[in-house]
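Welcome along, and please open your viewer before reading on. Each stop below suggests a selection and then tells you what to look for there.

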Amino acid sequence: MYGPSQRRPQKRWVLSRDGMIPKERDLMNDVVLTGDRPTGPLHLGHYFGSLANRVRLQDLHPMYVLIADYQVITDRDLPGEIRRHTMELLLDYLAIGIDPAKVTIFQHSAIPELNQLLLPFLSLVSVAELGRNPTVKDEIAHSSQAAVSGLMFTYPVHQAADILFCKGTLVPVGKDQLPHLEVARLVARRFNDRYGEVFPLPKAMMGAQPMLKGLDGGKMSKSRGNAIALSATEDKTALLIRKARTDAERLITFEEERRPEVANLLTLAGLCLGRPPAELAEEIGDGGAATLKRVATEAVNEFLRPIRRRRAELTEGDARRILAEGNERARERAVRTLEEVRAAMGF
Ligand code: TRP
């Protein structure tokens with residue numbers, strides 16, 4: 001019914017029903033889970049930071065990718081244009097080559113059994129522990145909301161449910177997510193101690209992320225208007241790079257400390273071309289910022305060409321069907337885990 005994609009995860013579920021203990025299963029195979037909040041289009045910083053890694057991982061492990069829609073309302077009052085952002089995120093995933101035949105793409109709001117895990121999981125952590133999470137503290141400090149909601153303190157436990165509902169063991173994340181991964185491990189460990197072995201302990205997987213900054217030298221971020229979205233047109237890309245900050249020195253050199261803006265454009269072009277930035281700098285030589293920007297624009301547009309092409313080939317109907325199928329697969333997984341959890345707890 002789902003095509004070949006179903007086979008791998010199904011086989012694993014059969015294995016676990018046969019009673020293999022999690023440790024043996026861990027040795028055999030990891031289950032990868034990762035996700036993004038649907039708050040806007042993905043950009044090149046996301047791509048080189050984590051998305052490229054996912055495309056590689058999908059050939060090695062069963063993999064789930066979560067569109068974390070309920071997590072959008074942690075730091076804002078309204079989910080915003082949630083449907084549009086969900087569809088954009090999905091199209092971004094598919095355009096970069098995440099293969100729905102291999103990967104289960106799903107969303108929080110379609111999986112009630114995942115969300116229900118939050119309840120027993122919340123009983124396993126103390127209020128003091130929730131208050132100590134450094135990422136949550138940082139988000140509260142930078143929040144523009146008038147009041148901090150209860151969800152802000154508890155969403156890391158919800159995120160533990162994201163990971164544990166599919167018995168995820170490998171979670172590719174950035175540094176800011178490490179405290180949340182600790183929460184997931186804590187929840188899994190305490191659940192197993194109290195009720196018997198149900199969950200494997202998930203591990204974080206940190207990429208060797210080359211730090212790509214925004215075109216103004218700050219952190220690349222969709223909200224700062226300094227990011228090149230994967231869905232940006234050629235013209236928009238050219239315009240963004242033309243407006244990028246550089247400096248007045250004509251000779252182009254790769255000096256990250258002394259010339260961060262120039263170094264960043266070289267890094268961007270280098271990532272897109274698969275070449276060392278210092279080598280590009282040497283080639284550009286005294287061509288100045290204009291040449292640097294031309295090289296960077298061509299590199300980015302060349303790199304994004306196949307991604308744009310795949311995106312244009314997808315219809316919204318295809319995307320909807322893919323998400324519906326992913327949701328159905330994820331839900332089957334969640335139903336089974338929730339059953340196991342309730343049985344372990346004696347409900
Ligand atoms: N908090 C993550 C972010 O903002 C998104 C996310 C939600 C996530 N659930 C997850 C990441 C589970 C990894 C695993 O980027």
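Is arginine 305 buried, exposed or partly exposed? Select it and colour by accessibility: arginine 305 is partly exposed, with a relative accessible area of 34%. Keep in mind on the whole tour that this is a predicted model.

**Stop 1: from arginine 305 to its partner**

Keep arginine 305 selected and add glutamate 234. Their side chains meet in a salt bridge, with 3.3 Å from N to O. Arginine 305 sits in helix α14 (residues 288-313) and glutamate 234 in helix α11 (residues 234-242), so this pair ties together parts that are 71 residues apart in sequence. Glutamate 234 counts as partly exposed too, at 37% relative accessibility.

**Stop 2: further salt bridges**

The pair you just viewed belongs to a longer list, as a search of the whole structure finds 25 salt bridges. For another, select lysine 102 and aspartate 59, whose closest N and O atoms are 2.6 Å apart. Lysine 102 lies in the loop between α4 (82-95) and β3 (103-107), and aspartate 59 in the loop between α3 (44-57) and β2 (63-67), so the salt bridge ties together parts that are 43 residues apart in sequence. Lysine 102 is partly exposed, at 31% relative accessibility, and aspartate 59 is partly exposed at 46%.

Next, show Asp247, Glu249, Glu255, Arg258 and Arg259 as sticks. These residues are linked in a network of salt bridges.

**Stop 3: lysine 167 and what surrounds the pair**

Now select lysine 167 together with glutamate 340. They form a salt bridge whose closest N and O atoms are 2.9 Å apart. This pair links distant parts of the chain: glutamate 340 is in helix α15 (residues 316-345) and lysine 167 is in the loop between α9 and β4 (170-172), 173 residues apart. The two partners fall into separate accessibility classes: glutamate 340 counts as partly exposed at 33%, while lysine 167 is buried at 5%.

Stay on lysine 167 and check the backbone. What is the sign of its phi? Lysine 167 has a positive phi of about 55°, although it is not a glycine. For background, most residues other than glycine have a negative phi.

From glutamate 340, measure across to valine 198. The two are 142 residues apart in sequence and 7.5 Å apart in space, C-alpha to C-alpha. Valine 198 lies in the loop between α10 (178-195) and β5, and it is buried, with a relative accessible area of 4%.

**Stop 4: the ligand**

Select the ligand and bring up the residues around it: Leu33, Gly35, Arg37, Leu66, Ala68, Gln71, Gln159, Asp162, Ile163, Val171, Val173 and Gln177. Colouring this shell by residue type gives six nonpolar, four polar and two charged residues.

Which element supplies the largest share of the shell? It is α9, with three residues. Both β1 (32-36) and α9 (150-164) supply at least two residues each.

Now turn to the nitrogen atoms of the ligand and draw three distances:

- To the side chain of aspartate 162, a ligand nitrogen is 2.7 Å from an N or O atom.
- To the side chain of glutamine 71, a ligand nitrogen is 2.8 Å from an N or O atom.
- To the side chain of glutamine 177, a ligand nitrogen is 3.0 Å from an N or O atom.

How much of the ligand's accessible area does the protein cover? The protein covers 86% of the 360 Å² that the ligand has on its own.

**Stop 5: a buried asparagine**

Select asparagine 226, in the loop between β5 (203-205) and α11. Asparagine 226 is buried, with a relative accessible area of 2%. Add aspartate 216 to the selection: the side chain of asparagine 226 makes a polar contact with the side chain of aspartate 216, at 2.7 Å.

**Stop 6: the cysteines**

To finish, select cysteine 166 and cysteine 272. Cysteine 166 is buried, with a relative accessible area of 2%, and cysteine 272 counts as buried at 11%. How many disulfides does a search of the whole structure find? The search finds zero.

How values were computed: Residues are numbered from 1 along each chain as its sequence is written. This is a predicted model: local features need pLDDT of at least 70, side-chain atom pairs count only at pLDDT 80 or more; totals for chains, interfaces and linings use all residues. Side-chain values use heavy atoms; hydrogens and water are left out. A disulfide is a pair of cysteine sulfur atoms within 2.5 Å. Buried means under 20% relative accessible area, exposed over 50%, partly exposed in between (1.4 Å probe, protein chains only). A residue is near a molecule or strand if one of its heavy atoms lies within 4 Å of it. A polar contact is a pair of N or O atoms within 3.5 Å; within protein, one must be able to donate a hydrogen and the other to accept it, and residues adjacent in sequence count only if both atoms are side-chain atoms. Accessible areas come from the Shrake-Rupley method with a 1.4 Å probe; for residues, only the protein chains shown count as cover. Helices (H or I, at least four residues) and strands (E, at least two) are DSSP runs, numbered from the N terminus. Ala, Val, Leu, Ile, Met, Phe, Trp, Tyr, Cys and Pro count as nonpolar, Asp, Glu, Lys and Arg as charged, and the others, Gly among them, as polar. A salt bridge is a side-chain nitrogen of Lys or Arg within 4 Å of a carboxyl oxygen of Asp or Glu.
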